[in-house]
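Hi,

Here is the structure I promised to pass on. Have a look at it first, and then read my notes underneath.

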Amino acid sequence: MALAGQAAAIAAFQFLLLTSPLAIVVVLSLVVGLLMVVLFGYTSDQKAIRVAKDQLKAHLLAVRLYRDQIPVVMGSYGKILRGTGRYLKLAFKPLLYVIIPITLLMVQIDRYLGQTAIPVNAPFLLTVQLNGGDGVNGVTLDLPSEIAMTAPPVHIPAADEIVWRLVGSKDGKYEVGIAGAGQSVAKSVCVGSDLVRISTVRLRGHFWTRMFSSAEAALPEVSPIESIAINYPDRNIEIAGYGMNWIWLFFILSMVAGFIFKELLGIQI
Amino acid sequence: MKRRFGGGLHELRSAGTGPFGSAQGRLRPVTTRVLLIALIFFPALAHAYAGPGAGFAVLSSFWAIFVAFLYSFYALMTWPFRQLFRFIRRRNAYGKATFERAVILGFDGMDPELADRFMNEGRLPNLVKLRDKGTFSKLRTTFPPISPVAWSTFMTGVNPGKHNIYDFLARDASNYLPFLSSAEIKGPKRHIKIGKYSIPFGKTEIKGMRKGTPFWHWLGKAGIFSFVIRVPVTFPPEKFQGVLLSGMCVPDLKGSQGTFCLCTTRASSDKFREGGVRVPIERRNGVCRSYIPGPDSPLAEKAGTELRVNFEIRPEPGAKSARFVVGSEKFALKVGEYSEWIPAEFKAGLGFTAHGICRFYLKELSPEVEVYVTPVNIDPGHPDLPISHPVTYSIYLAKLFGPYATLGLAEDTWALNEHVLDDDAFLAQAYGNHEDRERMLFDALDKTKQGLCTCVFDTTDRVQHMFWRYLEEDHPAARDVPHSQHPPVIQDLYERMDRLIGRVMEKIDDDTLLMVISDHGFKSFARCMNLNAWLHQNGYLALKDGKTESGDWFEDVDWSRTRAYTMGLNGLYLNIKGREKQGIVDAAEADALKGELQQKLNGLVDPASGTVGITGVFIADNVYRGPYTENSPDLIVGYGAGYRASWDSVMGKVTGRVFEDNIKAWSGDHCIDPRLVPGVLFSSHKFIAEKPAIVDVAPTILKLFGLALPAHFDGKPWNLAAKAH
């Protein structure tokens, strides 16, 4: 029984380890590093990239070899700039293949790892942006019982904004209702410490902006409300005592993974 | 249950005073949008955001620009100080120079008589311009007229007694065996045995055997920059102010002077006489597998444990082309086509890898499969041995132009001699190398506005060696082809070199001296002479009892009864007591024996034709002066036009016949009486010189740059006719 308990504890610990933000970023970086290198290899002109890189290196060496000959140094510098342009041009096509899926993937990952949910009993701001008119004073908030307002709302007529200071008393995902000009809409609020999908803002229209920054349906077109935003805290992933946004960690780890895989697979990047 | 709260009257002039800062919700979409635009349209750091491929692209390019900027900035900032330093040290390097720039094109083996003939036929308009405006003269060569000897004299301005190069090969008096005269390569002395490995510790030692100081070192000391490209006997490269790519005498990755490989499905136990190995191809299920033999493993306990690179050939339907897989490289070849230079990495284990490059030539796919592989050259982009100064120069050229031949004797004359390559395949290879060399020359010319640029082209030598048979009517090596059908290969060669000169002339002005020189001329090689056979027949060389001939390197020679022997191309040695291991000739008798041999050999007639096979025999003491004369042969044999030492004689073999026809493709030569094969001297400005010699080039260049001549020089500078100082 004790053994089973230990095994369960280990399994739970491992599960926790695997589902921790750090573990997710590490695994994600390795997988993305591999996939992107392979994709880059298949969609690029490998020979042309190799030649372009070699030319760049040659001009760099020329600067070193002929450092006493200023015209040669300057000429080589110009060739390096041109060579860089040529190299980036060659990298552009495979980058297009790479950028679209990875951007969409990162947007989705960012909804889980970019911010943390609002901690219990910690105050947060809910900001409603109106689309002009004089409806600022007519907007009301409909709060669930687990969320309370800790101060009167602040109206900013110049910016058509109303800001509420709220606090959540219990873990969970809630809906806050906002009513104004006869319309009623809702905004999700996540409270607690779990790894949950977070939508920092709900928007009206703005298709591309919604795609990249909102995880909720659009506000009705007829609504006087332009956006409803919550200032969720940014999530920092701790590495050796340093906290950083997951993007930076992903950037570093995927680069390292990419370097390893490109060597193993013999792909020019 | 939900609670409802009304909006109040509190107003704030600005948002963002809460505990979490500003209106993030509004900023984030903007940021994201900007990011996306940046991702798509601007190659900036934002790319790094989108994964490793983009990250590498951006980092690599920015890194290149950043490093280049740092280098450039450093070069610009320190340039005035360096110039000032030089000015203080040497005043103005070019203050006394007659020319700002000197360009020396070395056309190995260009013959003055052929050049004159082709100029008169109107084939060489650019050489005619040089002749009419500047100088055209014969250029006296060295004793003997062999490229490593003559080019060593060219660069050092001294006779072989002072630079120590007398032939490609020198002999070890302790065992009568040959060794390469120009460089000695020794592996690390210490090894540590771990399991099946014997791990070397320490560096490979490369010792240059050529003595003397090349004139570009003197120029460098005076602050004059030099480009030196593929001048023979510059391996290992020495430090000086300039850049240098080593030429003739650079080994291949096996350490030989060029070992080609014929991979074949044909069963044969024959070995190639010269420079090649035969490797079987295994054919199974339509896939052919073979390997490239490489260097010995540095980790193996037993010497001769060869490293290999395996490769596959997959013939396409129709047997006209095939796909090759060599390591990670894949390429297709048609029959009769060369590949690009392909990397060949020979892995020994424990991270030891020898980096080579080679080219594949698909000879045949049906009924048999045959592939010729060039000798594995040292990879210039990843040199395991130093082949340039600085090391980065060979890498620079490889990155700029792609891989290129680094082997000293890069044109595979052995493969043509052995009929592994035909004429066309050989020429394609030779001119491929030549074009690489041209690219290097023009890159150097573009970068040399002041100083020296010298480049040696071997093509002239190799093509004349291999195609002289088509130049004359009754050469034994071309008797099966009517003279009217002989292709004009050598004429084409001279025309090609003339066009090169034309392009160089477009790059220079009156403040540049252009010299075109050759180290020696050329003559027919129709008859071979085995001098060891003559020595044997005349009682100077004895064979072991019962033997009538000897194998290579004096295998069956009885040294206790031998007074003289020959190896290499022109050298004849006495078996001197106390010097040679089994010497029998007293030093006191040596002079008399030299005189006797000189008298008997000089004017030796070929009984088959009645022509003189040897026109001069020179006693070394009379032609060499300097500290290294003890390493020279005792006599230098000058063969007559049409004659040369036989291949057997060169390799220390004793045969039954003294004279025989030369039926090999190697049908022209210059290793004869040096008086018969002077080189050429063309120049853009007129020189006044009586009987100019190759030994004069170094002092002439130093004088033209206003430098004092070292006292040990043997050459005399030429005077310039017209150009004012």
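Below is what I found, starting with chain A and then moving to chain B.

Before anything else, keep in mind that this is a predicted model.

Chain A has 6 helices and 10 strands. How does its radius of gyration compare with that of a compact globule? A compact globule of 269 residues would come out near 18 Å, whereas chain A has 26 Å. Its C-alpha trace spans about 75 × 65 × 35 Å along the principal axes. Of the 269 residues in chain A, 40% count as buried. If you take the contacts in chain A with a separation of 6 or more, 66% of them come from residues 24 or more positions apart.

Now for chain B. Try finding its open sheet: 8 strands, in the order β3-β35-β26-β2-β25-β10-β11-β24, with mixed pairing. The edge strands are β3 (135-139) and β24 (388-389) of chain B, and each of them pairs on one side only. As a reminder, strands of a sheet pair through backbone hydrogen bonds, either parallel or antiparallel. Inside this sheet, β10 (residues 226-231) and β11 (residues 242-246) of chain B run parallel and are joined by 5 bridges. One pair to look up is B:F227, whose bridge partner in β11(B) is B:V243. Helix α11 (residues 423-447) of chain B packs on the sheet and touches β2 (101-107), β10 and β25 (451-457) of chain B. The direction of α11 makes about 175° with that of β25(B).

Finally, the domains. The assignment for chain B gives domain 1 (39-70), domain 2 (254-379) and domain 3 (526-673). The centres of domain 2 and domain 3 of chain B, taken over C-alpha atoms, are 38 Å apart.

Cheers

Methods:
Residues are numbered from 1 along each chain as its sequence is written. Chains are lettered from A and ligands numbered from 1 in the order in which they are written. This is a predicted model: local features need pLDDT of at least 70, side-chain atom pairs count only at pLDDT 80 or more; totals for chains, interfaces and linings use all residues. Two strands pair if DSSP finds at least two bridges between them. Helices (H or I, at least four residues) and strands (E, at least two) are DSSP runs, numbered from the N terminus. Two residues are in contact if their C-beta atoms, placed from the backbone, lie within 7 Å. Axes are lines fitted to C-alpha atoms, for helices over the stretch in contact, and angles run from 0 to 180 degrees between N-to-C directions. Domain bounds come from an automatic or database domain assignment. The radius of gyration is taken over C-alpha atoms; the globule rule is 2.2 Å times the number of residues to the power 0.38. A residue is buried if 20 or more other C-beta atoms lie within 10 Å of its own, exposed if 12 or fewer, and partly exposed in between; C-beta atoms are placed from the backbone.
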